[in-house]
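Student: Got a minute to go through this model with me? I'd like to start with how the helices pack.

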Amino acid sequence: MTRLADLAELVRAPAALSVPGDVLSGAAAAGTLDRRTPALAGASVLLYWAGMAANDWADRRLDAVERPERPIPSGRIRPATALGVAAGLTAAGLAVAGAAGGRRATAVAVPLAATIWGYDLLAKNTAAGPAVMAACRGLDVLLGASVGPARGRGGREAPSAGRGLVRALTAGSGLVRALPAALTVAAHTWTVTALSRREVSGADRRLPRATLAGTALVAATALGRPDPVPVALAAGYAGRYGAAQARVLADPSPARVRAAVGAGITGLPALQGALTARAGARLLGLAVAAAAPLGRRLARLISPT
């Protein structure tokens, strides 16, 4: 029988602490924070966990060589079980998003789910991998902005179901307002994903130079107008994640790369908190950032990478 602990390891449960902040920062940027936002954050977590399970199913043969301790190659979870978990979590995430945000949320959640599966099954081991993963996180931010009060002609709700994400962006001013936050989180995700591709083999020094430059740019864009809360949170994000990448620059070994990837994953809430506070929700931004130290503690029990 599959144990709950094995399932938690399969979906990298602690890493999900980095997910709700996507939706919250998107909703704050769009001015759409309301009672629907927590449900959308829950949908985001379900889709994230689905992606982690699908990732391990897709990598089961490679993990048998490189990471035999993972749940599938170690025999603790059958491949069919992992695939079923991924499919079930995807369906649940889409259902929750639709129930909470209706057609607008579905118009973002469906492309998000498709991009997650596309990354796991097709793009991950290609040059497009980091960009596709960045798109996943960017869409996740837009999910939080998908339930705004945008109106179509005649005051009617602009239809987005069945018309795709482009129509949703055109109809929803909240989605447009959230685009800068989405691009910032996407850029951070690109740096983490680019590093993660060298977790086993190690990296040459060109990679951490590029990701460090990207991290500095991301932190700068999270500041916005002078405000002590987003400034402090962005500085904390850049300091911790940047220091981990600097250590890779000094010693680009697999262990240092894995540590930097872990710092990028567990440090994301600080960036999300800065973006949320920049939009005016300072207390919520601090609450989002508080997930970072908790994530680091839980990462000692279950690896987020």
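Tutor: Sure. This is a predicted model. The axes of H9 (residues 206-221) and H10 (residues 228-250) come within 9 Å and cross at roughly 175°.

Student: So how is H9 oriented relative to H10, parallel or antiparallel?

Tutor: Roughly antiparallel, because angles over 145 degrees count as such.

Student: Which residues of H9 and H10 make the contact?

Tutor: From H9, they include Pro208, Leu212 and Val218. H10 brings Ala234, Tyr237 and Leu249, among others.

Student: What's the mix by class in the contact of H9 with H10?

Tutor: Eleven nonpolar, four polar and one charged.

Student: Switching to H8. Where does H8 bend?

Tutor: At leucine 179, by about 45°. Proline 180 follows within four residues.

Student: And what should H8 span?

Tutor: H8 has 24 residues, residues 173-196, so at 1.5 Å a residue it should span 34 Å. Its end C-alpha atoms are 34 Å apart, which agrees.

Student: Confidence? What does pLDDT average over the chain?

Tutor: 88, with 89% of the residues scoring at least 70. Over residues 150-163, pLDDT stays under 50.

Terms used: Residues numbered from 1 in each chain as written. Predicted model: local features only at pLDDT ≥ 70, side-chain atom pairs only at ≥ 80, totals over all residues. Heavy atoms only, no water. Helix = DSSP H or I, 4+ residues; strand = E, 2+ residues; numbered from the N terminus. Expected span 1.5 Å × (residues − 1). Bend = angle between axes of the 7 residues up to and from the residue. pLDDT = per-residue confidence, 0-100. Contact = heavy atoms within 4.5 Å. Axes fitted to C-alpha atoms, helices over the stretch in contact; angles between N-to-C directions. Nonpolar A, V, L, I, M, F, W, Y, C, P; charged D, E, K, R; others polar.
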